[in-house]
Amino acid sequence: MAGKLMSLGFSNTVAARRVVAILNPASAPMKRLREEARQAGRLLDATQGRRTRSIVITDSGHVLLSAIQPDTMAQRYESTSFEDTPLGLSEEEPA
C-alpha cells in the first residue's frame, strides 16, 4: 500500500490518509478523549516525554499525541499530496 506519511515529530509518522482531525489538547473534552483512548488501548504517545501540543485522531479511532503545534501539523497535512487512487482495505488484487 503506497501512501504519504505525515511527521508527528521525533521521527514518528502516521499515514496522512488516515488522519481525521488535528486538535488542540487544552479543552476538557480533549482530556476526556485522551483518557478514554488510554483506557481502551487506542492511545499512542509520540511526544518523547514533552508537553502534548496536539492530538491527532485517525479513521481507526486511534488517538495520537504529538509535541508539535496543531497549526504546524495542519500545514504538514495540507502539504501532503495524495495519489488519485482511493485507500481501501477491500481492494481486489489483480490476477
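This text walks through the fold, the sheet, the helices and the cores of a predicted model.

Start with the overall plan. The protein has six strands and two helices. Along the sequence they come in the pattern β-β-β-α-β-β-β-α. The protein has 95 residues, and 28% of them count as buried. Its exposed surface is about 6,400 Å², of which carbon and sulfur atoms supply 49%. Take the contacts between residues at least 6 apart in sequence: 53% of these join residues at least 24 apart.

The N-terminal part holds a hairpin. Strand β1 (residues 5-9) and strand β2 (residues 12-15) run antiparallel, joined by four bridges. One pairing to look for is S7, whose bridge partner in β2 is T13. Two residues lie between the strands of this hairpin, and F10 takes a positive phi near 55°.

Next comes the open sheet. It has four strands in the order β3-β5-β6-β4, and the pairing is mixed. β3 (19-23) and β4 (43-45) stand at the edges. Each has a single partner strand, so one side of each is left without a neighbour in the sheet. From one strand to the next, the twist averages 20°. At the β4 edge, three bridges join β4 to strand β6 (residues 63-66), and the two run parallel. L43 has V63 as its bridge partner in β6. Helix α2 (residues 70-78) packs on the sheet, where it touches β3, β5 (54-58) and β6. The direction of α2 makes about 150° with that of β3.

Now turn to the other helix, α1 (residues 28-40), and pick out L33 within it. Is L33 buried, exposed or partly exposed? Its relative accessible area is 24%. Buried would require under 20%, and exposed over 50%. L33 is therefore partly exposed. Leaving aside residues up to four places away in sequence, L33 touches I57 and V63. V63 is also the β6 bridge partner of L43. L33 and L43 themselves are ten residues apart along the chain, with their C-alpha atoms separated by 9.6 Å.

Last, the interior. Which residues make up the largest nonpolar core? There are ten: M6, L8, V14, A16, V19, A46, V56, L64, I68 and M73. Another core lies apart from it. That one has seven residues, including M30, A37, L43 and I55. L43 thus appears in two settings: it is a member of this core, and it is bridged to V63 in β6.

Key:
Residues are numbered from 1 along each chain as its sequence is written. This is a predicted model: local features need pLDDT of at least 70, side-chain atom pairs count only at pLDDT 80 or more; totals for chains, interfaces and linings use all residues. Side-chain values use heavy atoms; hydrogens and water are left out. A nonpolar core is a set of buried Ala, Val, Leu, Ile, Met, Phe, Trp, Tyr and Cys residues joined through side-chain atoms within 4.5 Å. Buried means under 20% relative accessible area, exposed over 50%, partly exposed in between (1.4 Å probe, protein chains only). Contact means heavy atoms within 4.5 Å. Accessible areas come from the Shrake-Rupley method with a 1.4 Å probe; for residues, only the protein chains shown count as cover. Two strands pair if DSSP finds at least two bridges between them. Axes are lines fitted to C-alpha atoms, for helices over the stretch in contact, and angles run from 0 to 180 degrees between N-to-C directions.
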